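Welcome, and thanks for opening the viewer. Please load the model, switch to a cartoon view and keep the selection box handy for a short walk.

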Amino acid sequence: MISVILAVAVFVVEFQRLGRIVNDRAGEIVSSFNTQVRPMLDSLGEIDQSVLQQELKMLLIAGKSRQWMGQLVYSSIYDLQGKEIGTEIDTQYAHMGDVDNLVQSFTHLLPEDMNSEHTFKRIKGVPYVQLTFPLTNSAGSNVAVVEGVFAVSDIARDEVMGRIARSVFGAMGIVLLTTLILYPVIVTLIRQLTMMTENLLESNIETLRVIGSAIAKRDSDTDSHNYRVTIYSVTLAETVGLKPKLIQGLIKGAFLHDVGKIGISDQILLKPGKLSESEFEIMKLHVNHGIDIVRRSEWLKDATDVVGYHHEKFAGEGYPHGFVGSKIPVNARIFAVADVFDALISSRPYKKAMSFDKAMDILNQGRGSHFDPFHLDTFNTIAKSLYDQFAACSEQKLEKKMESIIRQYFSREYRFKAGGEV
Ligand SMILES: [Fe+2]
């Protein structure tokens with residue numbers, strides 16, 4: 001593009017320059033011609049045509065003196081009313097027919113600013129300069145106009161085209177050289193940027209794991225619950241067709257749902273028996289602590305939907321807000337089903353694991369009161385398969401599945417596809 005723009009610019013500049021040279025040279029010749037015919041111009045009505053014709057012929061001959069640039073092939077004199085006084089053409093010139101057509105467009109009038117004029121015309125690839133000069137009489141008044149056609153020679157045209165070609169190839173060379181020099185630099189920078197982006201993603205995922213693991217260590221000594229609820233939630237979200245961008249927040253939220261328990265004292269968090277009413281009120285604050293923690297990280301902010309609302313119930317009897325139905329974020333409604341399901345089928349120090357059928361019975365009893373009916377009904381269709389695959393499997397297998405979910409939703413390729421961010 002730079003080369004093309006430059007070519008056009010050089011083309012215009014070079015032909016303007018050629019036009020000026022032709023015009024200046026023609027101006028000198030016409031000035032000398034004007035001196036020769038000035039006495040005749042004093043009385044236009046009594047002009048001796050043969051003398052004038054001879055002078056016009058001399059004008060054409062003078063116009064040939066710079067052969068390399070081209071030649072004057074036509075000249076004609078008109079009075080101020082546009083009436084022809086005399087015309088001379090170069091009969092030797094091969095393209096006189098083209099010149100005749102060009103002459104048809106002449107106005108035969110003085111230029112408006114009374115100065116000479118020159119215009120470029122191109123006919124069948126041959127460039128011509130159309131010239132107009134005023135002629136003065138002995139009193140210095142403009143009394144006639146001389147029009148001429150200068151045919152630019154092949155040599156001059158080739159010279160101009162050569163300059164254009166040299167400029168264009170020069171520009172292309174510079175552009176190519178600059179590109180060759182800059183290309184490896186740009187590629188290296190892009191590689192480094194990609195690596196840094198990957199490292200940033202790894203760091204963020206690591207943070208997710210560390211925080212999730214930290215709270216698991218205080219609560220139940222295992223990361224398995226966090227892994228399982230994340231796997232169950234994501235599978236349910238995929239089954240109901242949740243947007244991938246929301247699933248990203250669901251993954252982070254599910255993994256960190258009880259992160260706020262870090263802020264609950266051991267006396268309450270690890271109490272073996274049932275909590276008193278006041279203790280339970282304190283326990284409820286883990287939701288607020290959780291929001292406080294995740295909102296400090298730009299990357300973890302979208303976990304808030306689960307962290308802050310996972311104890312809300314569909315009919316409005318949950319905490320901390322008592323939100324009803326769709327006012328509860330969709331990620332929290334999905335997660336609530338997965339969280340309670342896993343709690344029922346898992347063993348704890350204070351209880352045994354419940355059977356699959358019993359757990360599903362209890363879940364379905366909460367349809368419309370605790371759980372969103374749509375999500376619970378969908379979960380009923382996938383629960384057995386999830387139970388068989390993950391309920392009793394090792395932490396390593398769960399970790400592997402978790403890894404594949406993270407890769408699927410946070411990999412670079414995925415982010416490009418989904419237009420998401422790290
Ligand atoms: Fe919780």
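In which helix is Phe-374 found? Select Phe-374 and you will land in helix α13. Bear in mind as you look around that this is a predicted model.

**Stop 1: Phe-374**

Is Phe-374 buried or exposed? Show its neighbours: 12 other C-beta atoms lie within 10 Å, and a residue with 12 or fewer counts as exposed, so Phe-374 is exposed. Now add Ile-334 to the selection. Phe-374 and Ile-334 are 40 residues apart in sequence, yet their C-alpha atoms are 9.7 Å apart in space.

**Stop 2: along α13**

Next, select residues 373–390, the whole of α13. With 18 residues at 1.5 Å a residue, this helix should span 26 Å, and its end C-alpha atoms are 24 Å apart, which agrees. Pause at Ile-382, where α13 bends by about 50 degrees.

Then colour the buried residues of α13: His-375, Leu-376, Phe-379, Ala-383 and Leu-386. What do they pack against? Their partners are α5 (224–240), α11 (330–345) and α12 (356–365), so show those helices too.

**Stop 3: α11 and α12**

Two packed helices are described by the angle between their axes and the distance between the axes. Hide everything except α11 and α12. Their axes come within 9 Å and cross at roughly 140 degrees, which makes α11 oblique to α12. The crossing is right-handed.

To see the side chains at this contact, select Val-337, Val-340, Phe-341, Leu-344 and Ile-345 in α11. They meet Phe-356, Ala-359, Ile-362 and Leu-363 in α12.

**Stop 4: α5 and α11**

Keep α11 on screen and swap α12 for α5. Here the axes are 9 Å apart, and the helices pack at an angle of about 135 degrees. α5 and α11 are therefore oblique to each other, and their crossing is right-handed. On the α5 side, the contact is made by His-225, Arg-228, Val-229, Tyr-232, Ser-233, Leu-236 and Ala-237. From α11 come Ile-334, Phe-335, Val-337, Ala-338, Asp-339, Phe-341 and Asp-342. You met Ile-334 earlier, as the residue 9.7 Å from Phe-374, C-alpha to C-alpha. Val-337 and Phe-341 also meet α12.

**Stop 5: a cis peptide bond**

Finally, select Pro-320, in the loop between α10 (304–307) and α11. Most peptide bonds are trans. Zoom in on the bond that joins Tyr-319 and Pro-320: this one is cis, with omega about 10 degrees.

How values were computed
Residues numbered from 1 in each chain as written. Predicted model: local features only at pLDDT ≥ 70, side-chain atom pairs only at ≥ 80, totals over all residues. Helix = DSSP H or I, 4+ residues; strand = E, 2+ residues; numbered from the N terminus. Expected span 1.5 Å × (residues − 1). Bend = angle between axes of the 7 residues up to and from the residue. Buried ≥ 20, exposed ≤ 12 C-beta atoms within 10 Å, placed from the backbone. Contact = placed C-beta atoms within 7 Å. Axes fitted to C-alpha atoms, helices over the stretch in contact; angles between N-to-C directions. Parallel < 35°, antiparallel > 145°, perpendicular 65-115°, else oblique. Left-handed = near helix turned anticlockwise from the far one by under 90°.
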